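Student: Could you walk me slowly through one part of this model? I'm new to it, so plain words would help.

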Amino acid sequence: MFSRREFLKSAGALATGATLPAWAAAASRSTATKSYALRPAEVELALAGVAGKTNFWAFNGTVPGQTMRIRRGERVQIQVDNGLGVDTTIHWHGVRVPNAMDGVPQVTQAPIKPNIHFDYEWVARDSGTFWYHPHQSSFEQVPRGLYGALIVEEDKPITVDRDEVWMLADIKLDEEGRQVEDFGRILDFGNEGRLGNHVLVNGQPGGRLTVRSGERIRLRLINAASARVFKPAIAGHSMTVIAYDGQAVEPHAVEVLDLGPGMRADIVIDCMHAAGTTFAIVDRHRRSLGEIGRIVYQDGKAVRNKPLKSSLLLPGNRLPEPNIDMATDHYIVFQGGMRGAPIIGTIDGKPGKIQELMEKHGLTWTMNFSAQHEHALMHEPLLHFRKGEHVRLHMINETEYTHPMHLHGHFFRVLAVDGKATRFREWRDTVLMPPRSSVEVAFVADNPGEWMYHCHILDHAAGGMMGTFLVE
Ligand code: C2O
Ligand code: CU
């Protein structure tokens, strides 16, 4: 048995093509290639309505980092040049990449040291709304400003007047407009996570969607906040959801969205109000900071007087359909948090109490009675799957907290919440697990490798709610 860390240290390990699945081999014959260079570094930026400059960590000096817009089937090369004083990596959230390109330090690659560069390369198999962010100390690196949108365009997109991206996040500022650098507090790890005191839309307070009367807008909402759940609602407009986490869903109208960290929703808005009017987009979550932004109707004549009639159904991606009749059942039990029943878990294989986990190890959560530290101290995989196995995963949340659970390298269908079948059996890579609930999902474990499975409240992940699934 070789250790994972030794494997990662051996030069060339990342370049091996031996485990490439058939689709990747086929994809490697595709010709169109798009190249990007991303340099994360410290930067000072001006925020609207905030005095002085604010300290960020940013990709190429902007927050969010540049929106990568690519076509389905395109090959993408990204050279990352680490301009930070600390190690980093980049994870392509929602993109079904080969394992070695997944950007998880210690698990799929060695961390990128300061002043060192690393090349990522993968093929965009799925169209949809995705994003990128570091997976190294993400509870700190993401809220400092390291996140960006990644849009893979459909071969045949739906008809809209405009396609817009809103990356939602929050930021914790002091009176001088500086970021409060209180990352990694055990109090945040063990509760709702570290919340900011200002909402940002595409890196600025107060989102503005400027429209003309009659327009149909596709709005891609991405929750890049490290801990905040957003429940956006738009005054005077209905939202038609056409995709969750980038994957097509039967178009349906909603009053309010439920967008946990890491999650995306593509919505279509028909803007049928009069020129010169304004409507608020408000967060209805109980911990909301109020208004997220506004729809502002420009003056001038209407583009059309009736909403477009064309179909909103997206073509959809070829995802492997899980067959429930032949699926194997697997279980994950979640415990912990500062509010609620005390837990007993294991740390480094030995049983311990929550008190001990907290005081000695800074950990506050367990999955299947095991709390895991930063990637470097990762234990054995939580679950093992045969490559191609049809999996039904039962997630049992015994905590008093909401957790957006994210799986790398795969999409799953959400089958049921608390035993009640979901209406759309939607595909997702991140699912919100309400407090004291059970959630059932299913997928085909077809992508070989060791894949992260963790809470996308990044403080919870750092507090023990992370592990891996091994597909081999
Ligand atoms: Cu968006 Cu494992 O992360
Ligand atoms: Cu969580």
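Student: I'd like to start with strand E15 and strand E17: do they pair in the parallel or the antiparallel sense, and over how many bridges?

Tutor: Strand E15 (residues 239-244) and strand E17 (residues 264-270) run antiparallel, with four bridges between them. Before we go on, a word on reading this: residues are counted from 1 along each chain as its sequence is written, while chains are lettered from A and ligands numbered from 1 in the order in which they are written. The model is predicted, so local features need pLDDT of at least 70 and side-chain atom pairs count only at pLDDT 80 or more, whereas totals for chains, interfaces and linings use all residues; side-chain values use heavy atoms, leaving out hydrogens and water.

Two terms will keep coming back. Strands (E, at least two residues) and helices (H or I, at least four) are DSSP runs, numbered from the N terminus. Two strands pair if DSSP finds at least two bridges between them.

Now look at the bridges between your two strands: Val241 has Ile267 in E17 as its bridge partner. Step back, and both strands turn out to sit in an open sheet of six, ordered E11-E10-E13-E17-E15-E16, with mixed pairing. Strand E11 (198-201) and E16 are the edge strands, each with a single partner, so one side of each has no neighbour in the sheet. On average, and ignoring direction, neighbouring strands here are turned by 25 degrees against each other. (Those angles are between N-to-C directions of axes, lines fitted to C-alpha atoms, for helices over the stretch in contact, and run from 0 to 180 degrees.)

Follow the edge strand E16 and you reach a pocket. Strand E16 (247-254), strand E27 (412-417), strand E28 (420-421) and E30 each give at least two residues to the lining of the second largest pocket. That pocket holds about 680 Å³ of space. Of its 26 lining residues, Asp258, Val417, Thr422, Glu426 and Arg428 are the closest to its centre. How is a pocket found? On a 1 Å grid over the protein atoms alone, a pocket is an open set of points with protein on both sides within 12 Å along at least five of seven lines, unlike a cavity, where a 1.4 Å probe fits but cannot get out; lining residues have an atom within 4 Å of a point. Grid points are joined across faces, edges and corners, and the volume is the space filled by probe spheres set on the points.

One loop here deserves a glance. Arg425 is found between E28 and strand E29 (427-428). Its phi is near 45 degrees, a positive value in a residue other than glycine. Most residues other than glycine have a negative phi. Arg425 counts as partly exposed, at 33% relative accessibility; buried means under 20% relative accessible area, exposed over 50%, and partly exposed in between (1.4 Å probe, protein chains only).

From the pocket, E30 takes us to another sheet. Five strands form this open, mixed sheet, in the order E24-E33-E32-E26-E30. Strand E24 (383-385) and strand E30 (430-433) are at its edges with a single partner each, so one side of each lacks a neighbour in the sheet. Its neighbouring strands are turned by 20 degrees on average, direction ignored.

In a regular strand the side chains alternate between the two faces of the sheet. You can see this in E30: Thr430 and Leu432 point one way, Val431 and Met433 the other way, and all are buried. E30 is joined to E26 by four antiparallel bridges, and Val431 in E30 has Met405 opposite. Further across, strand E26 (residues 403-407) pairs antiparallel with strand E32 (residues 449-455) over three bridges; there, Leu407 has Tyr453 as its bridge partner.

Finally, the metal. The copper ion (ligand 2) has His403 (ND1), Cys455 (SG) and His460 (ND1) as protein donors, 2.0 to 2.1 Å away. Donors are N, O and S atoms within 2.8 Å of the metal (3.2 Å for Na, K and Ca), and sites may look incomplete because water is not among the atoms. Along the chain the donors follow the spacing H-x51-C-x4-H. Both Cys455 and His460 are buried.
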